[in-house]
Amino acid sequence: MMIRYLLTVLAAGAVCGQEIASPLPADQMIAPEDKAVLDAQARQIFRDWDKVAVPIGKSVVALVAGNRQVALGTVVGKGKVLTKLSDLQKERRPVMLVDASGKVYDAKVLFALPEHDLLMMDVPGLPSPPIDLDSYVQAKEGDIIAAVSPTGHVSDFGVVSVAQRSLRADDQPYLGIVSDPRWDGEGVMIGGVEAGSGAHRSGLQAGDVLMKLNGKPVDGMYSIRAAMVGVRPGETVPVEVVRQNRKVEGQLLTGARPKVMKFPQKRLDMMNSMGNRMSLKRDEFPLVIQSDMTLFPERAGCPVIDVNGKFVGLALSRAGRTETYILPSWICRELVEGVLPKVQQYQASRDENIPEAQPVDDAYDARRLEENRRKVEDKMSRQGLVPKVY
């Protein structure tokens, strides 16, 4: 299992106190007795997760094309499933929905939300219970979270690395400062200020030590970005600097990010994809939570929970080696309570007679699809996509 290998590598590195370069497989880089300890710890971790994940798994479905899983989906209402748009869009074969019990359904598209890369599907005959949208939490940086599979087991877990923020370039505020890498004291020493930028117009100077931004202490460029989460270009935020041993407080005007030459996307994708498979859509989301959770693209669409089993959000995209994006749970609720009724009202006003999706009753089709479902499970198991049950 990937998690176990990761724990093995971490433990081996901790023992040696240095980075290890070895031609041996990860599970052979540690003594058998230490490996046994790690296995026991992994078993306990997943048992603890299962206590809160098993009930959630009943609300998770798989989207299958032929004998391949394309994505997962989360049941958010009676017969209503939220899943990935781009992964289903590219599929040329018929896509079927498989619930947690293994029953196969046809499904109809209700509406798409390209900005979130989401698809709302209608499966009126689906008996799966909706996830509890009233029992949700807003994840904070440092929270431990996990993705839930249709089996009710946790498939991946990690830590929230960045609280909810926009990934749209036009939504990112620009300060116009660079840090001095030689500084090793408190705060962030400003090494340079771009002429004409918000920082320049606000009076910041090279040599100033930035202590607080938007009311939050800063100690590096990462904390500066975190302090600016939720701030839009053109807004003003409070700033505190130390200049020549004197504290200076003021207001910093943010600006729009300038158009600059981008790092070649092909090379960036190649670097990110080393040892990692990424989702088709992985940027320009209007609002996401970022985690270091490992997520295979075909698992996108599943629910993400915290250690108490509370709904954190919907797994959206694997975007890099340490970047998985999650749609915040409150947006899922808004979609169900706000957008869905309007779509249904619009359809009713047009007197649209949309055929209802039902379980596949034809004996031949059901038998064929059941065989395909078993092939999917076998293939996923061989690839390590199905978590080991401890």
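Student: In which sense do β8 and strand β19 (residues 303-306) pair?
Tutor: This is a predicted model, where local features need pLDDT of at least 70, side-chain atom pairs count only at pLDDT 80 or more, and totals for chains, interfaces and linings use all residues. Residues are numbered from 1 along each chain as its sequence is written, and side-chain values use heavy atoms, leaving out hydrogens and water. Helices (H or I, at least four residues) and strands (E, at least two) are DSSP runs numbered from the N terminus, and two strands pair if DSSP finds at least two bridges between them. For β8 and β19 there are three bridges, and the sense is antiparallel.

Student: Which residue of β19 stands opposite I145?
Tutor: Good follow-up! β8 covers residues 144-148, and β19 covers residues 303-306. Opposite I145 in β19 stands D306.

Student: How many bridges join β8 to β9?
Tutor: Let's look at the hairpin of these two strands, which has five residues between them. In this hairpin, G152 takes a positive phi near 90°. β8 and β9 run antiparallel, and the number of bridges joining them is five.

Student: Is β8 largely enclosed or not, and why?
Tutor: We call a residue buried under 20% relative accessible area, exposed over 50%, and partly exposed in between (1.4 Å probe, protein chains only). Four of the five residues of β8 are buried, so the strand is, with respect to the rest of the structure, largely enclosed.

Student: Which residue in β9 does I144 stand opposite, and why is that residue called partly exposed?
Tutor: The residue lies in strand β9, which spans residues 154-165. It is called partly exposed because its relative accessible area is 32%. The residue opposite I144 is V159.

Student: What accessible area do I144, V159 and V307 have together?
Tutor: A patch is made of residues with over 30% relative accessible area and no salt bridge; like charges are joined within 9 Å, and nonpolar side chains (Val, Leu, Ile, Met, Phe, Trp, Tyr) within 5 Å. A salt bridge is a side-chain nitrogen of Lys or Arg within 4 Å of a carboxyl oxygen of Asp or Glu. Areas come from the Shrake-Rupley method with a 1.4 Å probe, and for residues only the protein chains shown count as cover. These three form a nonpolar surface patch, and their accessible area together is about 220 Å².

Student: Which members of the largest nonpolar core touch the most other members?
Tutor: A nonpolar core is a set of buried Ala, Val, Leu, Ile, Met, Phe, Trp, Tyr and Cys residues joined through side-chain atoms within 4.5 Å. The largest one has 54 residues, and the members touching the most others are L82, L118 and M120.

Student: How many residues does the other core have?
Tutor: This core lies apart from the largest one. Among its residues are I190, V218, A227 and L252, and its size is 17 residues.

Student: Which are the edge strands of the seven-strand open sheet?
Tutor: Its order is β5-β4-β1-β2-β3-β7-β6, with antiparallel pairing. Inside it, β1 (residues 60-65) and β2 (residues 68-77) pair over six bridges. An edge strand pairs on one side only, and here those strands are β5 (104-105) and β6 (108-113).

Student: Which residue in β2 is the bridge partner of L63?
Tutor: β1 and β2 pair in the antiparallel sense. In β2, the bridge partner of L63 is A71.
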